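Okay, thanks for coming, everyone. I'll put the structure up and then walk you through it.

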Amino acid sequence: MPEEVLFKSESNQSRDEIAAYLRRVADKLEQGDAITLKSGSESVTMEPPARPTFEVKAEREGPADGSGELSIEFELEWDENASGGDSGSGQLEIE
C-alpha cells in the first residue's frame, strides 16, 4: 500500500521542548480531542480513535561496521474507516 505523507516537520530541539510537544499530544489524547500539527503554512488535523494501535521502535541506521544514526519512533496508527483496534504483541513499559 503506498504511503502519502500528509505532514512532516523535522528540527533540532532540546529535550525540554520535545517533552512539551509530547505532553501536549498526551493531553489531547487523554481529552479525546483532535490533534492539529502546524509548521509554517502547513497544517493537518487528525482525530485518533479511542483505541489506535501504538507502535514504538528503537532503530539504528547506518553501516554495520561504523557509526550510525539512532532513533526512537512513536507512532499512532488506525484505519481511516474504522474505530481502532486492539492488536499488539504485549504491554509496553517505559523505564
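I'll go through confidence, layout, the salt bridges, the aromatic contacts and a surface patch.

So, this is a predicted model, and let's get confidence out of the way. The chain has a mean pLDDT of 89, and 89% of its residues reach 70 or more. Among the helix and strands, the low end is strand β2, residues 42–46, but that's still a mean of 94, while the high end is α1 at 97. The usual reminder applies: wherever pLDDT is low, don't read the predicted coordinates in detail.

Now the layout. We've got one helix and four strands, and going from the N terminus the order is α-β-β-β-β. How much of the chain is buried? Of the 95 residues, just 5% count as buried. Keep that in mind, since the residues I'm about to name with an accessibility value are partly exposed, as you'll hear one by one.

Let's start with charges. Searching the whole structure turns up two salt bridges. One joins Glu55 to Lys57, with the closest N and O atoms 3.5 Å apart. The other brings the side chains of Lys57 and Glu59 together, 3.8 Å from N to O. Lys57 takes part in both, so what you're looking at is a linked network of Glu55, Lys57 and Glu59. As for where this sits, Glu55 is in strand β3. Glu55 has a relative accessible area of 27%, so it's partly exposed, because buried would need under 20%. Lys57 is partly exposed too, at 34%, and Glu59 comes in at 25%, again partly exposed.

While we're on Glu55, have a look across to Glu77. Those two are 22 residues apart along the chain, and their C-alpha atoms are separated by 7.7 Å.

Okay, aromatics. How many aromatic pairs are there? The count is one. It's Phe54 with Phe74: the ring centres are 6.3 Å apart and the planes sit at 10°, so that's a stacked pair. Phe54 is in strand β3, residues 53–61, and Phe74 is in strand β4, residues 69–77, so the pair ties together parts that are 20 residues apart in sequence. Buried or partly exposed, then, for Phe54? Partly exposed, with a relative accessible area of 44%. Phe74 is partly exposed as well, at 45%.

There's one more ring contact I'd like to point out. Arg24 lies over the face of Tyr21, 4.9 Å from the ring centre.

Last topic, the surface. Which residues make up the nonpolar patch? They're Ile18, Leu22, Phe54, Val56, Ile72, Phe74 and Leu92, and together they have about 650 Å² of accessible area. You'll recognise Phe54 and Phe74 from the stacked pair, and here they are again in the patch. Where does the patch come from? Helix α1, residues 15–31, gives at least two residues, and so do β3 and β4. Leu22 is one of the patch residues, and it lies in helix α1. At 46% relative accessibility, Leu22 is partly exposed.

So, to pull it together: strand β3 holds Glu55 from the salt-bridge network, and it holds Phe54 from the stacked pair. Strand β3 also supplies at least two residues of the nonpolar patch. If you rotate the model yourselves, that strand is a handy place to start. Okay, happy to take questions.

Terms used: Residues are numbered from 1 along each chain as its sequence is written. This is a predicted model: local features need pLDDT of at least 70, side-chain atom pairs count only at pLDDT 80 or more; totals for chains, interfaces and linings use all residues. Side-chain values use heavy atoms; hydrogens and water are left out. Rings of Phe, Tyr and Trp (its six-membered ring) pair if their centres lie within 6.5 Å; planes under 30 degrees apart count as stacked, over 60 as edge-to-face and the rest as tilted. Buried means under 20% relative accessible area, exposed over 50%, partly exposed in between (1.4 Å probe, protein chains only). A charge sits over a ring if NZ of Lys or CZ of Arg is within 6 Å of the ring centre and within 35 degrees of the ring normal. Patches are made of residues with over 30% relative accessible area and no salt bridge: like charges are joined within 9 Å, nonpolar side chains (Val, Leu, Ile, Met, Phe, Trp, Tyr) within 5 Å. Accessible areas come from the Shrake-Rupley method with a 1.4 Å probe; for residues, only the protein chains shown count as cover. A salt bridge is a side-chain nitrogen of Lys or Arg within 4 Å of a carboxyl oxygen of Asp or Glu. pLDDT is the predictor's confidence in each residue, from 0 to 100.
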